[in-house]
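The following explanation is intended to be read alongside the sequence and the three-dimensional view. Please keep both at hand.

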Amino acid sequence: MADRINVTLDPEYAAKLSRLAERMHVQEGTLAKSLLSTALDGADPAAEHIVELLDAIPGAYERTQEGIAQARRREGIPLSELA
């Protein structure tokens, strides 16, 4: 059984994915799955590479800090309610 993951792309990446899929005559989701699988296969699980990867995500640190602040304010859904 495959797990489903929803990914939101920035508008410029969404447009690029759409153009690539159209040129390749495949569905956008099919192409996205293939590209993500290829990227994951090539990802190095060593800690220093994971940090580099995370540091390359624009705004990731700020979003993480905001998530921590929201959790401290008890905003959000407790994990126990998701199970």
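The paragraphs below proceed from the overall fold to the surface and then to the charged side chains.

The structure shown is a predicted model. Its secondary structure comprises five helices and zero strands, so that, read from the N terminus, the order of elements is α-α-α-α-α. Along the principal axes, the C-alpha atoms occupy a box of roughly 45 × 30 × 30 Å. How does the radius of gyration of the protein stand against that of a compact globule of 83 residues? The protein has 17 Å, whereas such a globule would have a value near 12 Å.

Burial and surface may be considered next. Of the 83 residues, 5% are buried. The protein exposes about 7,900 Å², and carbon and sulfur atoms account for 57% of that area.

Part of this surface is a nonpolar patch. Which residues form it? They are Ile5, Val7, Leu9, Tyr13, Leu36 and Leu40, and together they have about 650 Å² of accessible area. One of these residues, Val7, is located in the segment before helix H1, which spans residues 11-24. Val7 is classed as exposed because its relative accessible area is 56%, and the cut-off for that class is over 50%.

Further along the chain, the loop between helix H2 (28-42) and helix H3 contains Pro45. Is Pro45 buried or exposed? Its relative accessibility is 71%, and therefore Pro45 counts as exposed. The C-alpha atom of Pro45 lies 23 Å from that of Glu62, and the two residues are separated by 17 positions in sequence.

The surface also carries a negative patch, made up of Asp44, Glu48, Glu52 and Asp55. Among its members, Glu48 belongs to helix H3, which covers residues 47-55. Why does Glu48 count as partly exposed? The reason is its relative accessibility of 48%, because the partly exposed class lies between under 20% for buried and over 50% for exposed.

The charges can also be viewed over the whole protein. There are 9 positive and 14 negative charges, and the mean positions of the two sets are 5 Å apart.

Some of the charged side chains are paired. In general, side chains of opposite charge can pair when their charged atoms come close. How many salt bridges does the structure hold? There are two. In one of them, the side chain of Arg73 meets that of Glu66, with an N to O distance of 3.1 Å. Arg73 also forms a salt bridge with Glu75, where the closest N and O atoms are 3.0 Å apart. Glu66, Arg73 and Glu75 are thus linked in a network of salt bridges.

The accessibility of these three residues completes the description. Arg73 has a relative accessible area of 45% and is therefore partly exposed. Glu66 is partly exposed because its relative accessible area is 37%. For Glu75 the value is 43%, so this residue is likewise partly exposed.

How values were computed:
Residues numbered from 1 in each chain as written. Predicted model: local features only at pLDDT ≥ 70, side-chain atom pairs only at ≥ 80, totals over all residues. Heavy atoms only, no water. Patch = residues over 30% accessible without salt bridge, like charges linked within 9 Å, V, L, I, M, F, W, Y side chains within 5 Å. Areas by Shrake-Rupley, 256 points an atom, 1.4 Å probe, with all protein chains shown as cover. Salt bridge = Lys/Arg side-chain N within 4 Å of Asp/Glu carboxyl O. Lys, Arg positive; Asp, Glu negative; His and termini not counted. Charge placed at Lys NZ, Arg CZ, Asp CG, Glu CD. Helix = DSSP H or I, 4+ residues; strand = E, 2+ residues; numbered from the N terminus. Buried < 20%, exposed > 50% of the residue type's maximum accessible area, 1.4 Å probe, protein only. Rg over C-alpha atoms; globule rule 2.2 N^0.38 Å.
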